[in-house]
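Thank you all for coming; I would like to walk you slowly through one structure today. Please keep the picture in view while I talk, and stop me whenever a term is unclear.

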Amino acid sequence: MFDRSCGPLILVSVPAKTNASRSSAAVEDYLERILELINTKGYARVVDIATSLKISQASVSNMVQRLDGEGLLKYEKYRGLVLTTAGETLARNIIRRHQLLTDFLTLLGLDPQVIHHDVEGMEHHISAPTLRAIESLTAQLKRRPALLAGLNK
């Protein structure tokens, strides 16, 4: 039976991922991983990034040079790299977005593997208004355990 209480069904065309959106997601993944490495090891090298992301050092070198050219990090070949203020700010925002989505899905009682998979897909494509709504809802659910218990039944 079809429940009409939600209103009419509206089909929306969702654009395919463009090269720009895939590229942007890759940049975000690199910056996120670089900041995590710096925070845990005190530094990030091309070899560390490649190992962490499970990709070739040549691919990492190309991206690191691109990020250097975009002013998001400073890179010296055969040395390490450091994030610029802009790069660190962007990386911190990416990590914050990742954590917020993880917290929200965790509150909903989802399996950790499902959460990891879904967050990796969502974090690069979620709009600022949707993220703010999830942030607000997450805060409400944390403050109102009874409401959360009702959701997880």
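Let me begin with a definition, because I will lean on it throughout: buried means under 20% relative accessible area, exposed means over 50%, and partly exposed is what lies in between, with a 1.4 Å probe and protein chains only. I should also say early that this is a predicted model, in which local features need pLDDT of at least 70 and side-chain atom pairs count only at pLDDT 80 or more, whereas totals for chains, interfaces and linings use all residues. Residues are numbered from 1 along each chain as its sequence is written, and side-chain values use heavy atoms, with hydrogens and water left out.

When I name helices and strands, I mean DSSP runs numbered from the N terminus, with helices being H or I over at least four residues and strands being E over at least two.

Let us start with the charged pairs. A salt bridge, here, is a side-chain nitrogen of Lys or Arg within 4 Å of a carboxyl oxygen of Asp or Glu. The general idea is that side chains of opposite charge can pair when their charged atoms come close. How many salt bridges does the rule give? The count comes to eight.

One of them joins R45 and D48, with N and O 3.0 Å apart. R45 is partly exposed, since its relative accessible area is 36%, while D48, at 10%, is buried. Salt bridges with shared partners bring K41, R45 and D48 together in one network.

Another links R33 to E36, at 3.4 Å from N to O. These two residues are three apart in helix α1, and so about one helical turn separates them. Both R33, at 24% relative accessible area, and E36, at 32%, are partly exposed.

The pair I find most useful for teaching is E28 with R97, whose closest N and O atoms are 2.8 Å apart. E28 sits in helix α1 (residues 19-41) and R97 in helix α4 (residues 85-107), so this salt bridge ties together parts that are 69 residues apart in sequence. Are these two residues buried or exposed? E28 counts as buried at 11% relative accessibility, and R97 counts as buried at 14%.

What else does R97 touch, if we leave out residues up to four places away in sequence? Taking contact to mean heavy atoms within 4.5 Å, the list for R97 is E28, E123, H124, I126 and L131.

Let us turn from charged side chains to nonpolar ones. A nonpolar core is a set of buried Ala, Val, Leu, Ile, Met, Phe, Trp, Tyr and Cys residues joined through side-chain atoms within 4.5 Å. In soluble globular proteins, nonpolar side chains tend to be buried together. The largest core in this model has 21 residues, and the members that touch the most others are L31, I34, I49, L67, L73 and L81. Two or more residues each come from α1, α2, α3, β1 (73-75), β2 (81-83) and α4, and the largest share, six residues, is from α1. If you look at L73 and set aside neighbours within four places in sequence, its contacts include I34, V64, L67 and L81. There is also a second, separate core of 12 residues, and among them are L105, V119, L131 and L148.

L131 leads us to helix α6 (residues 128-143), which has 16 residues and reaches 23 Å from its first C-alpha to its last, close to the expected 22 Å; the expected span is 1.5 Å times one less than the number of residues. Which residues of α6 are buried? They are L131, I134, T138 and L141, and they lie on the same side of α6 because they cover an arc of only 85° around the axis, the arc being that of the directions from the helix axis to the C-beta atoms. The face turned away from this buried side carries the exposed residues P129, R132 and R143, while the cover over the buried residues includes α4 and α7 (145-151).

I will finish with one residue in a loop, K54, which lies between α2 (46-53) and α3 (57-69). K54 counts as exposed, at 75% relative accessibility. Its phi is near 60°, a positive value in a residue other than glycine. For context, most residues other than glycine have a negative phi.
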